[in-house]
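Okay, thanks for coming, everyone. I'll put the structure up and we can walk through a few places together.

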Amino acid sequence: MSSIPQIQIRQQPALIGIDADPGTQDIRQPQAAYEMQTERPTLEMHQTQGELQIDQSRAWDALGVGPILESMSRIYSQSKEIALQGIARIVENGNRMAAIHLPGNPIAEIAKQLTFEHPEFNYYGEAAYDNVDITYTAHRVEINVTDGKVNVNVQVNPPEISYNRGKLDIYVRQYANLEIIPPQIDLKT
(Lines give C-alpha, C1' and ligand atoms only; values in the text may rest on other atoms or scores of the structure.)
Protein backbone atom coordinates (compact mmCIF):
# COMPACT_ATOMS: atom_id res chain seq x y z
CA MET A 1 0.00 0.00 0.00
CA SER A 2 1.34 3.20 -0.82
CA SER A 3 1.24 6.13 1.32
CA ILE A 4 -0.11 9.49 0.34
CA PRO A 5 2.49 12.07 0.23
CA GLN A 6 2.00 14.81 2.77
CA ILE A 7 3.15 18.37 2.80
CA GLN A 8 4.65 19.46 6.05
CA ILE A 9 4.17 23.03 7.19
CA ARG A 10 6.16 24.37 10.06
CA GLN A 11 5.23 27.75 11.36
CA GLN A 12 7.21 29.90 13.74
CA PRO A 13 5.35 32.95 15.16
CA ALA A 14 6.84 36.42 15.29
CA LEU A 15 7.93 37.61 18.71
CA ILE A 16 8.05 41.28 19.63
CA GLY A 17 10.44 42.50 22.28
CA ILE A 18 9.69 45.62 24.37
CA ASP A 19 12.37 47.34 26.43
CA ALA A 20 10.79 50.06 28.55
CA ASP A 21 12.19 52.24 31.30
CA PRO A 22 9.58 54.42 33.01
CA GLY A 23 9.95 58.17 32.87
CA THR A 24 10.72 60.20 36.00
CA GLN A 25 8.92 63.29 37.13
CA ASP A 26 10.26 65.82 39.64
CA ILE A 27 7.90 68.31 41.22
CA ARG A 28 9.26 71.06 43.44
CA GLN A 29 7.47 74.12 44.75
CA PRO A 30 9.41 76.90 46.46
CA GLN A 31 7.83 78.40 49.57
CA ALA A 32 5.58 81.36 49.09
CA ALA A 33 7.04 84.79 49.86
CA TYR A 34 5.10 86.24 52.78
CA GLU A 35 5.48 89.82 53.85
CA MET A 36 3.44 91.55 56.55
CA GLN A 37 3.64 95.22 57.50
CA THR A 38 1.80 96.61 60.48
CA GLU A 39 0.89 100.24 60.97
CA ARG A 40 0.24 100.78 64.64
CA PRO A 41 -2.88 102.64 65.65
CA THR A 42 -2.30 106.06 67.18
CA LEU A 43 -4.14 107.68 70.05
CA GLU A 44 -3.90 111.40 70.65
CA MET A 45 -5.46 112.98 73.68
CA HIS A 46 -5.58 116.73 74.20
CA GLN A 47 -7.14 118.58 77.07
CA THR A 48 -6.76 122.23 77.86
CA GLN A 49 -6.14 122.90 81.50
CA GLY A 50 -9.14 123.41 83.72
CA GLU A 51 -9.77 126.78 85.28
CA LEU A 52 -9.79 127.16 89.05
CA GLN A 53 -11.23 130.40 90.38
CA ILE A 54 -10.96 131.27 94.06
CA ASP A 55 -12.87 134.31 95.29
CA GLN A 56 -11.78 135.29 98.82
CA SER A 57 -13.27 138.77 98.84
CA ARG A 58 -15.96 137.88 101.42
CA ALA A 59 -13.32 136.30 103.70
CA TRP A 60 -11.10 139.38 103.49
CA ASP A 61 -14.15 141.54 104.09
CA ALA A 62 -14.98 139.53 107.22
CA LEU A 63 -11.40 140.16 108.45
CA GLY A 64 -11.84 143.89 107.94
CA VAL A 65 -9.48 144.24 105.00
CA GLY A 66 -12.10 144.05 102.29
CA PRO A 67 -13.01 146.68 99.71
CA ILE A 68 -12.87 150.18 101.22
CA LEU A 69 -16.13 151.30 99.62
CA GLU A 70 -18.08 148.51 101.32
CA SER A 71 -16.43 149.30 104.69
CA MET A 72 -17.27 153.00 104.34
CA SER A 73 -20.81 152.14 103.34
CA ARG A 74 -21.22 150.09 106.54
CA ILE A 75 -19.77 152.92 108.67
CA TYR A 76 -22.10 155.37 106.97
CA SER A 77 -25.15 153.20 107.59
CA GLN A 78 -24.22 152.84 111.29
CA SER A 79 -23.24 156.49 111.89
CA LYS A 80 -26.78 157.74 112.60
CA GLU A 81 -27.34 155.06 115.25
CA ILE A 82 -23.93 155.68 116.88
CA ALA A 83 -24.60 159.44 116.89
CA LEU A 84 -27.93 158.82 118.65
CA GLN A 85 -26.20 156.52 121.16
CA GLY A 86 -23.61 159.28 121.79
CA ILE A 87 -26.33 161.85 122.38
CA ALA A 88 -28.10 159.44 124.74
CA ARG A 89 -24.85 158.87 126.65
CA ILE A 90 -24.22 162.62 126.94
CA VAL A 91 -27.75 163.10 128.26
CA GLU A 92 -27.27 160.25 130.73
CA ASN A 93 -23.90 161.61 131.90
CA GLY A 94 -25.43 165.10 132.22
CA ASN A 95 -28.23 163.68 134.35
CA ARG A 96 -25.69 161.89 136.59
CA MET A 97 -23.71 165.09 137.07
CA ALA A 98 -26.91 166.99 137.80
CA ALA A 99 -27.69 164.56 140.61
CA ILE A 100 -25.23 166.17 143.04
CA HIS A 101 -27.33 165.10 145.95
CA LEU A 102 -26.47 161.45 145.40
CA PRO A 103 -23.36 160.01 147.00
CA GLY A 104 -20.30 159.30 144.81
CA ASN A 105 -18.16 161.19 142.37
CA PRO A 106 -19.98 161.18 138.99
CA ILE A 107 -17.14 162.94 137.12
CA ALA A 108 -14.59 160.26 138.11
CA GLU A 109 -17.03 157.50 137.27
CA ILE A 110 -17.83 159.01 133.86
CA ALA A 111 -14.09 159.46 133.10
CA LYS A 112 -13.44 155.86 134.11
CA GLN A 113 -16.33 154.65 131.95
CA LEU A 114 -15.17 156.66 128.93
CA THR A 115 -11.70 155.15 129.29
CA PHE A 116 -12.98 151.63 128.67
CA GLU A 117 -16.10 152.30 126.65
CA HIS A 118 -16.15 154.05 123.34
CA PRO A 119 -18.47 153.71 120.40
CA GLU A 120 -17.37 151.18 117.75
CA PHE A 121 -18.25 151.03 114.12
CA ASN A 122 -18.69 147.51 112.78
CA TYR A 123 -17.09 147.73 109.38
CA TYR A 124 -16.40 143.97 109.14
CA GLY A 125 -18.32 141.77 106.73
CA GLU A 126 -20.26 138.75 107.91
CA ALA A 127 -18.01 135.96 109.13
CA ALA A 128 -19.04 132.52 107.83
CA TYR A 129 -17.43 129.15 107.16
CA ASP A 130 -18.09 129.38 103.41
CA ASN A 131 -16.77 132.86 102.69
CA VAL A 132 -14.31 131.50 100.12
CA ASP A 133 -15.96 130.66 96.79
CA ILE A 134 -14.16 128.03 94.73
CA THR A 135 -15.23 127.35 91.16
CA TYR A 136 -13.55 124.79 88.91
CA THR A 137 -14.32 124.64 85.20
CA ALA A 138 -13.14 121.44 83.53
CA HIS A 139 -12.61 121.23 79.79
CA ARG A 140 -13.46 118.26 77.63
CA VAL A 141 -10.82 115.81 76.55
CA GLU A 142 -10.35 115.63 72.80
CA ILE A 143 -9.48 112.09 71.71
CA ASN A 144 -8.33 111.33 68.17
CA VAL A 145 -7.84 107.71 67.19
CA THR A 146 -6.20 106.72 63.91
CA ASP A 147 -6.85 103.11 63.02
CA GLY A 148 -3.90 100.86 62.37
CA LYS A 149 -3.54 98.60 59.35
CA VAL A 150 -2.08 95.22 58.60
CA ASN A 151 -0.81 94.93 55.04
CA VAL A 152 -0.22 91.33 53.96
CA ASN A 153 1.57 90.62 50.70
CA VAL A 154 1.78 86.98 49.65
CA GLN A 155 3.51 85.90 46.47
CA VAL A 156 2.81 82.30 45.58
CA ASN A 157 5.55 80.60 43.60
CA PRO A 158 4.31 78.18 40.93
CA PRO A 159 5.41 74.57 41.12
CA GLU A 160 8.48 73.64 39.11
CA ILE A 161 7.82 70.41 37.21
CA SER A 162 10.48 68.57 35.26
CA TYR A 163 9.87 65.34 33.38
CA ASN A 164 12.60 63.02 32.17
CA ARG A 165 11.34 60.92 29.34
CA GLY A 166 11.63 57.19 29.73
CA LYS A 167 12.82 54.73 27.10
CA LEU A 168 10.57 52.54 25.01
CA ASP A 169 12.19 50.28 22.45
CA ILE A 170 9.99 47.93 20.49
CA TYR A 171 11.79 45.42 18.33
CA VAL A 172 11.20 42.10 16.65
CA ARG A 173 12.81 39.45 18.71
CA GLN A 174 11.88 36.65 16.38
CA TYR A 175 10.59 37.01 12.88
CA ALA A 176 7.68 34.94 11.71
CA ASN A 177 8.75 31.94 9.72
CA LEU A 178 6.76 29.63 7.57
CA GLU A 179 8.49 26.58 6.26
CA ILE A 180 6.74 24.33 3.78
CA ILE A 181 8.38 21.00 3.29
CA PRO A 182 7.16 19.18 0.24
CA PRO A 183 6.91 15.45 0.38
CA GLN A 184 9.52 13.42 -1.28
CA ILE A 185 8.32 12.18 -4.50
CA ASP A 186 9.78 9.01 -5.78
CA LEU A 187 10.24 9.58 -9.44
CA LYS A 188 11.49 6.10 -10.04
CA THR A 189 8.28 4.32 -9.86
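Let's start with Asn-131, which you'll find in the loop between α3 (106-116) and β7 (133-137). One thing to keep in mind throughout: this is a predicted model. So, is Asn-131 buried or exposed? Buried is the cut-off of under 20% relative accessible area, and Asn-131 comes in at 6%, so it counts as buried. What does the side chain of Asn-131 have for polar company? One of its polar atoms is 3.0 Å from the backbone oxygen of Glu-126. Glu-126 also turns up in the contact list for Asn-131, along with Asp-55, Arg-58, Ala-59 and Ala-62, if you leave out residues up to four places away in sequence.

Now another loop. Ala-14 sits between β1 (8-12) and β2 (15-21). Unlike the buried Asn-131, Ala-14 is partly exposed, at 46% relative accessible area. Which residues does Ala-14 touch, once you set aside the neighbours within four places in sequence? Those are Gln-174, Tyr-175 and Ala-176. And look at Asn-177: that residue is 163 residues away from Ala-14 along the chain, yet their C-alpha atoms are separated by 7.4 Å.

Okay, over to the surface. There's a nonpolar patch here made up of Tyr-34, Met-36, Val-150, Val-152, Val-154 and Val-156, and together they have about 600 Å² of accessible area. Two elements give two or more residues each to that patch, namely β4 (33-39) and β9 (149-155). Which strand has the largest share? That's β9, with three residues. If you want one to click on, try Val-152, which is in strand β9 and is partly exposed at 46% relative accessible area.

Last topic, charges. Side chains of opposite charge can pair when their charged atoms come close. How many salt bridges are there in this model? The count comes to seven, and I'll show you three.

Here's one between Asp-19 and Lys-167, at 3.3 Å from N to O. Asp-19 is in strand β2 and Lys-167 is in strand β11 (residues 167-174), so this pair ties together parts that are 148 residues apart in sequence. Asp-19 is partly exposed at 31% relative accessibility, and Lys-167 is partly exposed as well, at 36%. There's a bit extra at this spot: Asp-21 joins Asp-19 and Lys-167 in a network of salt bridges.

Next up, Arg-74 and Glu-70, whose side chains meet at 3.7 Å, N to O. Where are these two? Both are in helix α2 (residues 68-98), four residues apart, which is about one turn of the helix. Glu-70 is partly exposed, with a relative accessible area of 40%.

And then Glu-109 with Arg-96, a salt bridge at 3.0 Å, N to O. Here the partners come from two helices, Glu-109 from α3 and Arg-96 from α2, so the pair ties together parts that are 13 residues apart in sequence. Both ends are partly exposed, with Glu-109 at 42% relative accessible area and Arg-96 at 26%.

That's my tour. Let's open it up for discussion.

Technical notes:
Residues numbered from 1 in each chain as written. Predicted model: local features only at pLDDT ≥ 70, side-chain atom pairs only at ≥ 80, totals over all residues. Heavy atoms only, no water. Buried < 20%, exposed > 50% of the residue type's maximum accessible area, 1.4 Å probe, protein only. Polar contact = N/O pair within 3.5 Å; in protein donor to acceptor, adjacent residues only side chain to side chain. Contact = heavy atoms within 4.5 Å. Patch = residues over 30% accessible without salt bridge, like charges linked within 9 Å, V, L, I, M, F, W, Y side chains within 5 Å. Areas by Shrake-Rupley, 256 points an atom, 1.4 Å probe, with all protein chains shown as cover. Salt bridge = Lys/Arg side-chain N within 4 Å of Asp/Glu carboxyl O.
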